[in-house]
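Trainee: I'd like to go through this one slowly and ask how each label is earned. Can we do that together?

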Amino acid sequence: MKKSYKIDVDCANCARKMEDAANATPGVQEASVNFMLLKMNVTFTEGADPKTVMKDVLANCKKVESDCEIYL
Ligand SMILES: [Zn+2]
């Protein structure tokens, strides 16, 4: 399953940090952040619940970049 989320982040460097944090989150098969469009595309592993996983993704992103936001 693949979903797209609107995000807010101040620069491309922090966007990359968010991408790394998302990819390190269990339940995420692949995440990519587009800083120009302020979007995060996430492919979830089979059986994962996107809502639950995205809460963890957001928490992990906040750890590396406290100013970022993902609109869930
Ligand atoms: Zn930044």
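Mentor: Sure. Start with strand S1, residues 2-8, which pairs with S4 in the antiparallel sense over 3 bridges. Keep in mind that this is a predicted model.

Trainee: What makes S1 and S4 a pair?

Mentor: Set the count against the cut-off: a pair needs at least two bridges, and S1 and S4 have 3, so they pair. You can look at the partners too: Ile 7 stands opposite Ile 70 in S4, and Asp 8 has Glu 69 in S4 as its bridge partner.

Trainee: Which helix packs on the sheet and touches S4?

Mentor: That's helix H2, residues 50-64, which touches S1, S2, S3 and S4. The direction of H2 makes about 160 degrees with that of S4. Helix H1, residues 12-23, lies across S1, S2 and S3, and runs at about 170 degrees to S2.

Trainee: How do you know that S1 and S3 pair as well?

Mentor: By the cut-off of at least two bridges again. S1 and S3 have 5, in the antiparallel sense. One spot to look at is Ser 4, whose bridge partner in S3 is Asn 41.

Trainee: And what about S2 and S3, how many bridges do they have?

Mentor: Strand S2 (residues 28-34) and strand S3 (residues 39-44) have 6, also antiparallel. There, Val 33 stands opposite Met 40 in S3. S2 and S3 form a hairpin, with 4 residues between them.

Trainee: What is noted about the phi of Leu 38?

Mentor: Leu 38 sits in the loop between S2 and S3. Its phi is near 55 degrees, a positive value in a residue other than glycine. Most residues other than glycine have a negative phi.

Trainee: Why does Leu 38 count as buried, exposed or something in between?

Mentor: Leu 38 has 15 C-beta neighbours inside 10 Å. Buried takes 20 or more and exposed takes 12 or fewer. So 15 lands in between, and Leu 38 counts as partly exposed.

Trainee: Okay, put the strands together for me. What is their order in the sheet?

Mentor: It's an open sheet of 4 strands in the order S2-S3-S1-S4, with antiparallel pairing.

Trainee: Why are S2 and S4 said to stand at the edges?

Mentor: Each of them has a single partner strand, so one side of each is left without a neighbour in the sheet. And from one strand to the next, the twist averages 30 degrees.

Trainee: How do the elements run along the chain, starting at the N terminus?

Mentor: They go β-α-β-β-α-β, which fits the tally of 2 helices and 4 strands.

Trainee: What makes you call the chain as compact as a globular protein of its length?

Mentor: Compare two values. The radius of gyration is 11 Å, and the globule rule gives 11 Å for 72 residues; these are close, so the chain is as compact as a globular protein of that length.

Trainee: Now the inside. Which residues touch the most other members of the largest nonpolar core?

Mentor: Of its 18 residues, those are Ile 7, Met 18, Ala 22, Met 40, Val 57, Cys 61 and Ile 70. The elements giving two or more residues to this core are S1, H1, S2, S3 and H2. As a general point, nonpolar side chains tend to be buried together in soluble globular proteins.

Trainee: Why does Cys 68 count as buried?

Mentor: The cut-off is 20 or more neighbours, and Cys 68 has 20 C-beta neighbours inside 10 Å, so it counts as buried. You'll find Cys 68 in the loop between H2 and S4. Leaving aside neighbours within four places in sequence, its contacts include Cys 14 and Cys 61.

Trainee: And Cys 14, why does that one count as partly exposed?

Mentor: Cys 14, in helix H1, has 18 C-beta neighbours inside 10 Å. Since buried needs 20 or more and exposed 12 or fewer, 18 makes Cys 14 partly exposed.

Trainee: How far is Cys 14 from Glu 65 in space?

Mentor: They are 6.5 Å apart, C-alpha to C-alpha, although 51 residues separate them in sequence. Not counting residues up to four places away, Cys 14 touches Val 9, Glu 65 and Cys 68.

How values were computed: Residues numbered from 1 in each chain as written. Predicted model: local features only at pLDDT ≥ 70, side-chain atom pairs only at ≥ 80, totals over all residues. Rg over C-alpha atoms; globule rule 2.2 N^0.38 Å. Axes fitted to C-alpha atoms, helices over the stretch in contact; angles between N-to-C directions. Contact = placed C-beta atoms within 7 Å. Core = buried A, V, L, I, M, F, W, Y, C linked by C-beta atoms within 7 Å.
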